[in-house]
Amino acid sequence: MILPRNFYDRPTLTVARDLLGKVLVHRTREGLSTGAIVEAEAYIGEDDPACHAAPGPTARNQPLYGPPGHAYVYINYGMHYLVNVVTEKEGSPAAILIRALEPIDGIPLMRRRRRGTPRGGEIPEQELCRGPGNLTRAMGITLTENRADLCGDRLYLDDRGIQVGRIAWSPRIGISVGTEHRWRCYVVGNRAVSGRTAATND
DNA sequence: CGTTCGATGCACT
DNA sequence: GTGCATCGAACGT
C-alpha cells in the first residue's frame, strides 16, 4: 500500500519513526529498485540550525515550505544527491533525510548504477544503500526527483508490513550545529545502517 | 582497527 | 569567497 499524504502530515519525529521498515520505491526506464528504510534523520523548522530552513525561505529550500509528501533533493559536497521526504503542513518547513536502505528489488541495477564509482562492481548487498549519498546513487535519485510527489507512481513509499526490530535515537550525523537533538533514528543492529564505527549506533 | 584528508559544485552571504 | 545533512582512499597503530 502506497503511503497516503496524511502519513506525512504529522509531527516529523513521529513520521521518522514510522518510516523505518517502509519501502522506498523508484520506478525508472532502467527498471524498478526498492529498499526498506533502516535509518533516517529529522530536520525541523527554522529554529533547527541544521535544517536547511534555518536561514528562512530561499530558492533551494522552497520544497520544505511546500505541502507534505513531496521529495526534497539537493546536492551535497558538490557530488552527492541527498533525498528527504517533506513532512508537516504547508508553510511549516520540515523534512526527513533518508540515510540508509536495506536493498530489496533491483539489486543488479543498483550495482550497475554504483559501478563507475570506486568499488562499483563488488559492493556487498548491505552496503549498496548504506549512507545518504550511496542510496541516491543506487536508487537513481537525482535533482530530477526534487519536488517529486511521493503520492505519484514514480517515487513513493510502500507499506509492505515489514516489522523492524528495536529502534534507537541518536544525534544526527555530519552536522556541527543542532547536535543537542537526538533526531536520528535507526534499526538497531541492521548491517545497512551507516555510522557503524561511531558511538552513534546501538 | 583507527583517523585524516581530498574530491567537487553550487547555494548563499 | 565560504561552507557544506558525504565518501572512500590513504595512511597510522
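This passage walks through a predicted model of a protein with DNA, beginning at the DNA strands and ending inside the protein.

The surroundings of DNA strand B make a good starting point. Around this strand there are 8 residues, and those that come nearest are Thr58, Arg60, Tyr77, Gly78 and Met79. Of the atoms of DNA strand B that come within 4 Å of the protein, sugar and phosphate account for 58%. Several backbone atoms of the protein take part here. In Arg60, a backbone N or O atom lies 3.4 Å from a phosphate oxygen of DNA strand B. For Gly78, a backbone N or O atom is found 3.0 Å from a sugar or linking oxygen of the strand. Tyr77 faces another part of the DNA: one of its polar backbone atoms is 2.5 Å from a base oxygen of DNA strand B. Sorted by class, the surface near this strand has 4 nonpolar, 3 polar and 1 charged residues.

Attention can now turn to DNA strand C. This strand is surrounded by 20 residues, of which Tyr77, His80, Asn84, Arg114 and Gly133 are the closest. Sugar or phosphate provides 57% of the atoms of DNA strand C within 4 Å of the protein, while bases provide the rest. Two side chains come up to the bases. A polar side-chain atom of Asn84 lies 2.4 Å from a base nitrogen of DNA strand C, and a polar side-chain atom of Tyr74 lies 3.2 Å from a base nitrogen of that strand. With Gly133, it is a backbone N or O atom that lies 2.9 Å from a phosphate oxygen of DNA strand C. Two or more residues of the surface near DNA strand C come from each of β3 (71-76), β4 (80-86), β5 (94-105) and α5 (132-139). By class, this surface has 9 nonpolar, 8 polar and 3 charged residues.

Aromatic rings offer another view of the model. How many aromatic pairs does a search of the whole structure find? The search finds 2. In one of them, the ring centres of Phe7 and Tyr8 are 5.3 Å apart and the planes stand at 80°, so this pair is edge-to-face. Phe7 and Tyr8 are both buried. Tyr72 and Tyr74 make a stacked aromatic pair, with 5.6 Å from centre to centre and 25° between the planes. Tyr72 counts as buried because its relative accessibility is 2%, and Tyr74, with a relative accessible area of 12%, is buried too. Tyr74 is thus a residue with a ring partner, Tyr72, and with a polar side-chain atom 3.2 Å from a base nitrogen of DNA strand C.

Charged groups also sit over rings. The charged end of Arg10 is placed over the ring of Phe7, at 4.7 Å from its centre. Arg172 lies over the face of Tyr43, and here the distance to the ring centre is 4.6 Å.

Helix α2 completes the picture. This helix spans residues 12-19, and its buried residues are Thr12, Val15, Ala16, Asp18 and Leu19. An α-helix has 3.6 residues a turn, so residues three or four places apart point the same way. Leu13 also belongs to helix α2. Is Leu13 buried or partly exposed? With 32% relative accessibility, Leu13 counts as partly exposed. Leaving aside residues up to four places away in sequence, Leu13 touches Ala42, Ile44, Trp169 and Trp183. After α2 comes Gly21, which has a positive phi, near 95°.

Methods. Residues are numbered from 1 along each chain as its sequence is written. Chains are lettered from A and ligands numbered from 1 in the order in which they are written. This is a predicted model: local features need pLDDT of at least 70, side-chain atom pairs count only at pLDDT 80 or more; totals for chains, interfaces and linings use all residues. Side-chain values use heavy atoms; hydrogens and water are left out. A residue is near a molecule or strand if one of its heavy atoms lies within 4 Å of it. A polar contact is a pair of N or O atoms within 3.5 Å; within protein, one must be able to donate a hydrogen and the other to accept it, and residues adjacent in sequence count only if both atoms are side-chain atoms. Ala, Val, Leu, Ile, Met, Phe, Trp, Tyr, Cys and Pro count as nonpolar, Asp, Glu, Lys and Arg as charged, and the others, Gly among them, as polar. Helices (H or I, at least four residues) and strands (E, at least two) are DSSP runs, numbered from the N terminus. Buried means under 20% relative accessible area, exposed over 50%, partly exposed in between (1.4 Å probe, protein chains only). Rings of Phe, Tyr and Trp (its six-membered ring) pair if their centres lie within 6.5 Å; planes under 30 degrees apart count as stacked, over 60 as edge-to-face and the rest as tilted. A charge sits over a ring if NZ of Lys or CZ of Arg is within 6 Å of the ring centre and within 35 degrees of the ring normal. Contact means heavy atoms within 4.5 Å.
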